[in-house]
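User: Could you show me how to read a binding site, and then a pair of hairpins? I would like the general idea first and then the case at hand.

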Amino acid sequence: MKKIIIAIDGHSSCGKSTMAKDLAKTIGYTYVDSGAMYRAVTLHAIQKGIFKGDQLDLDKLKQDIRNIRITFIKNPATGRSDTYLNGQNVEHEIRSMEVANKVSPIAAVGFVREEMVKQQQAMGLSKGIVMDGRDIGTIVFPNAELKIFVTASPEIRAQRRLDELIAKGEHATFEEVLHNLATRDRIDSTRKDGPLRQAEDAVVLDNSNLTIQEQNHRLMELFGERVKP
Ligand code: CDP
């Protein structure tokens, strides 16, 4: 069967990652969480004092960016890929509210995107990949055979993310999470480089009222259509 590239884009916390991960597992493809890469750069920036309050030390970030290596390594205990920043497992830290609150300004920096897009394109060279993010179908893989644009209502997204954070033992309120999502969506959609935008040839999937099974069924239908000889 021919191998394709599947690009999944959409708003913050609409379940893209879970969807992309499950799909990749079912069809035996590699899953790449491009958001984890921007989150890892953000963690690096926090650790190295690149943030001065809300201001970014762009010179230092520019110096560092080429030395930031982000890799994904399968964790045998969970069966999932963990994110590594220069050889260190940062999967837990990058999901914190602190990183979520700082990631969008970092992801709006042109030279950060340039470097991440380069690394993402290299990962897709032999196809057989599912990648999720904001600009995958528009900038990273404009020729992807299957593009999906996912969305859901802001309240449903906030509740899903809150449940996830609480399950991990993080402290957050519904209002805080809702505000974070709205702010990220605004910055992500209005930035100059690689804004969050639906590709013209993307299939829209509003999963506000879909069960996981219904969603998976729809994805498998779309995949089947694209790989049909
Ligand atoms: O999972 P969630 O929706 O919270 O976000 P994520 O996929 O982990 O991405 C975190 C942030 O990284 C987003 O809010 C964007 O600012 C940025 N991002 C991006 O700019 N481009 C991508 N391809 C993926 C993420």
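User: How do the residues of the shell around the ligand divide into nonpolar, polar and charged?

Analyst: Start by sorting the shell by residue class. In this predicted model, the shell holds 9 charged, 6 polar and 4 nonpolar residues. Together, 19 residues surround the ligand, and the closest are S13, R39, R113, R161 and D188.

User: Which atoms of R113, R184 and S13 lie 2.8 Å or 2.7 Å from an oxygen atom of the ligand?

Analyst: Here, look at whether backbone or side chain is involved. For R113, a side-chain N or O atom is 2.8 Å from a ligand oxygen. R184 likewise has a side-chain N or O atom 2.8 Å from an oxygen of the ligand. With S13, a backbone N or O atom lies 2.7 Å from a ligand oxygen. As for cover, the ligand taken alone exposes 530 Å², and the protein buries 98% of that.

User: Which elements give two or more residues to the shell?

Analyst: These are α2 (34–47), α4 (97–107) and α8 (174–190). The largest share, 4 residues, comes from α2.

User: Now the hairpins: in which sense do β5 and β6 pair, and over how many bridges?

Analyst: Check the sense, then the partners, then the turn. Strands β5 (residues 70–75) and β6 (residues 80–85) pair in the antiparallel sense over 6 bridges, with I73 opposite D82 in β6. Between these strands are 4 residues, and G79 has a positive phi near 75 degrees.

User: And which residue is the bridge partner of Y84 in β7?

Analyst: That is N89. β6 and β7 (residues 88–89) form an antiparallel pair over 2 bridges. Their hairpin has 2 residues between the strands, and N86 takes a positive phi near 45 degrees.

Notes. Residues are numbered from 1 along each chain as its sequence is written. This is a predicted model: local features need pLDDT of at least 70, side-chain atom pairs count only at pLDDT 80 or more; totals for chains, interfaces and linings use all residues. Side-chain values use heavy atoms; hydrogens and water are left out. A residue is near a molecule or strand if one of its heavy atoms lies within 4 Å of it. A polar contact is a pair of N or O atoms within 3.5 Å; within protein, one must be able to donate a hydrogen and the other to accept it, and residues adjacent in sequence count only if both atoms are side-chain atoms. Accessible areas come from the Shrake-Rupley method with a 1.4 Å probe; for residues, only the protein chains shown count as cover. Ala, Val, Leu, Ile, Met, Phe, Trp, Tyr, Cys and Pro count as nonpolar, Asp, Glu, Lys and Arg as charged, and the others, Gly among them, as polar. Two strands pair if DSSP finds at least two bridges between them.
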